[in-house]
Amino acid sequence: MTLIGWTQIILFCAIVIALTPVLGLYMTRVFEGKSTPLSPLLRPVETIIYRVSGIDPDREQHWLSYTLAMLLFHVLGFAALYALLRLQGFLPFNPAEQSAMAPDLALNTAISFLTNTNWQNYGGESTLSYLSQMLGLTHQNFLSAATGIVLAVALIRGFARASVSTVGNFWVDITRCTLYVLLPLCIPFTLFLVWQGIPQTFGPYVDATTLEGGKQTLALGPVASQVAIKMLGTNGGGFFNANAAHPFENPTALSNFVQMISIFALGAALTNVFGRMVGNQRQGWAILAAMGVLFIAGVAVCYWAEAHGTQIMQSLGLSGGNMEGKEVRFGIAASALFAVITTAASCGAVNAMHDSFTALGGMIPIINMELGEIVIGGVGAGLYGMLLFVIITIFLAGLMVGRTPEYVGKKIEAREVKMAMLAILILPLVMLGFTAIAVIYPPAVASMANAGPHGYSEVLYAFTSQAANNGSAFGGLTGNTPFYNLTGAVTMFLGRFWMIIPAMAIAGSLASKRSVAATAGTFPTTGPLFVGLLVGTILIVGGLTFFPALAVGPLAEHLSMLTGATY
Amino acid sequence: MLKDLRPALVSFVALTVLTGLVYPLAMTGIAQLVFPAQANGSLITKGDQVVGSALIGQNFAEPKYFHGRLSATTAPDPQDSTKTVSAPYNAASSGGSNLGPTSKALADRLAADVAAAKQDNPGADVPVDLVTTSGSGLDPDISPEAALFQVPRIAKARNLSETTLRALVAYSTQGRELGLFGEPRVNVLKLNLALDRLEASKPSGS
């Protein structure tokens, strides 16, 4: 570990914290329907969309109608994306003449982008036409991100409102999120990325004659516009197979730094939106503080492990850390930091190959995802995931003192706690359940690229990543098989919607409750005691659930690595 | 739910057109106008021939060139399309080795490459980036140490002085971005182009 490495990490945190109240204020105004600096430009577009689609922007929805509208929107999105992937061979913008995706792979890919997972059982540059990339994937990157954000906003409204039956209007929220938040941020970001070197063209792949006389085909495309939303929307699906490790997707250490900030920017800002909407920004800062504690702990372990390198490298006299699967322009610090950020948020873009990380370095991303990506998390999804843990924490605190727990003026009762547990339990069920099936099903075992504990870790990582809607991978695993395509699609679907529906039920139930005034007996939820309790609850729930699975994977591998064993 | 069908269809189509067509097309238009070189892949040309991209590494195996990172990229086997064969620096199919920390294949590969590298420059420590594969398989850079390590081999192959080559490496080294981000590095393709120019300008026989 170096001083300059830690300086980059601290600067990263400082910038994210500085952006939080700024973006938080702006997003709060957007979702409260107030005017913003962009309103003169965007208001007419918004009005036209409402008029043509017959939406009354002032009519709000019950939580169930809101959720059903969201699901209907996703049915359309799935149908359109699946059709596009299957038909891309007949459609324009296809200079590399890519043919149709196989049905099982198209199913997996469509679910993957719909659920904001962006798990990829294919390599972009060798599989997809430019049309599929932009009309299919870029577009779905926007909509799945917007969906996450608006659901979090609906849940926040549940906390913030009292004695009402509605949580907002899905059509208005999704339109405003796309028009006012995502697009205006993506436009300057795209141009910055092109300036740094990311291609943005519809021209065909270029054939170069190398200095030694070989032929090199350079894959190109409308990359920058997709990378911008892939990062801001915590989608993470690479235009190219190597994702953000590819020099055309992340050409410089500066583009890398800004991409890392963009992964966290909106998720962190949503904690501030929460604080503002419930009337006390410190409530938001307390949640961000709990996230920050878990984040820094993860970065420290991962950076230390990667800088330390592996036993094999040390015995050969190689110093400078574990560079297998990493890029020189980023080095160890920025690669380890990126890995923690991308799995703390549910981004899943990678700038180094996690499969080649050390055992402990690679365990941190797994833990981040197992905890449900509540450290900043996916845009929206991270906040509603964290609020579920807050409910459990408040409930435990209430049990300890024998009072009905309250949070931001709402009584937390049996219904909320049951729904929160339902949402929290789905993740271990699908992560560990499917991993258990895969490691005893011979065709699934055959997909492992590495032997020994690491092969098992590849499978555990795959289902953990998909259930948490992350999308990064221990990439050695051959995922494009009927087994992984189908189980993966089911995993991603359950991980997304089994979490959303209980969260929305909580939103509805909270909105309909009366507000109670804070008294001397109310547990304060803005101080270090609450932050500590929240972090403790997360770690205890996560630790008890996942320790056995980690013990036979990364921990076993670390111990055998220390003895010099190889597989 | 039926009454939601119209808002669903209309807003879906509107947002699809906006984010999936208007946005990428407009961005392409502006990018091509403002940053044409980058938007088209930062291509390097020699005459009217494209020799590569400044951002994409290429395979160097000859002793007279600086070598880049190892690359684990593959290409479909011409004999059997269900299989792949090793094809270093295949810029149409990026990817890493994905070998884990306790992989025997990785241990054997590292041992062999360290032994081979030591023959090039006995006595010096082998830089780790010279014997590891990059994440993309297309890493355009190596560390300055990895470039300096190769100087003796190239000096011999080209009959150039080591001092000249060291100066060339120093000249080609890019520092951290803004003095802070990432790591110092040398772009291998640009370094080799400079090397070819250097030799071309050298009076013959010296």
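## A buried asparagine, a helix and an interface

A:Asn256 is buried, with a relative accessible area of just 1%; the cut-off for buried is under 20%, so this residue counts as such. Keep in mind that we're looking at a predicted model here.

Where does A:Asn256 sit? You'll find A:Asn256 in helix α9 of chain A, which covers residues 253-277. Leaving aside residues up to four places away in sequence, A:Asn256 touches A:Asn250, A:Phe330, A:Ala334, A:Phe338 and A:Asn351. With A:Asn351 there is also a polar contact, side chain to side chain, at 3.0 Å.

Now over to chain B and its helix α3, residues 104-120. With 17 residues at 1.5 Å a residue, α3(B) should span 24 Å, and its end C-alpha atoms are 25 Å apart, which agrees. Its buried residues are B:Leu106, B:Ala107, B:Arg109, B:Leu110, B:Val114 and B:Ala117. Look down the axis of α3(B) and these buried residues fall within an arc of 165°, so they line one face of the helix. What do the buried residues of α3(B) pack against? They pack against α11 (311-315) of chain A together with α4 (144-149) of chain B. At the N-terminal end of α3(B), B:Ser103 acts as the cap, with a side-chain oxygen 3.2 Å from the backbone nitrogen of B:Ala105.

That brings us to how the two chains meet. On the chain B side, 99 residues are in contact with 107 residues of chain A. Between them the chains bury about 8200 Å², and 68% of that is on carbon and sulfur atoms. As for polar links across the interface, there are 41 residue pairs in polar contact (both at pLDDT 80 or more), and the rule finds 2 salt bridges. One of the salt bridges joins A:Arg329 to B:Asp139, with the closest N and O atoms 3.9 Å apart.

Which elements of chain B give two or more residues to the side that touches chain A? They are α1 (5-34), α2 (36-39), β2 (49-53), α3, β5 (141-142) and α7 (188-201). The largest share of that side, 23 residues, comes from α1(B).

Here are the individual atom-to-atom distances from the text, side by side.

| Pair | Kind | Distance |
|---|---|---|
| A:Asn256 and A:Asn351 | polar contact between side chains | 3.0 Å |
| B:Ser103 and B:Ala105 | N-terminal cap of α3(B), side-chain oxygen to backbone nitrogen | 3.2 Å |
| A:Arg329 and B:Asp139 | salt bridge, closest N and O atoms | 3.9 Å |

Technical notes
Residues are numbered from 1 along each chain as its sequence is written. Chains are lettered from A and ligands numbered from 1 in the order in which they are written. This is a predicted model: local features need pLDDT of at least 70, side-chain atom pairs count only at pLDDT 80 or more; totals for chains, interfaces and linings use all residues. Side-chain values use heavy atoms; hydrogens and water are left out. Helices (H or I, at least four residues) and strands (E, at least two) are DSSP runs, numbered from the N terminus. The expected span of a helix is 1.5 Å times one less than its number of residues. Buried means under 20% relative accessible area, exposed over 50%, partly exposed in between (1.4 Å probe, protein chains only). The arc is that of the directions from the helix axis to the C-beta atoms. Contact means heavy atoms within 4.5 Å. A polar contact is a pair of N or O atoms within 3.5 Å; within protein, one must be able to donate a hydrogen and the other to accept it, and residues adjacent in sequence count only if both atoms are side-chain atoms. Buried area is the accessible area (1.4 Å probe) that two parts lose on being put together, summed over both. A salt bridge is a side-chain nitrogen of Lys or Arg within 4 Å of a carboxyl oxygen of Asp or Glu.
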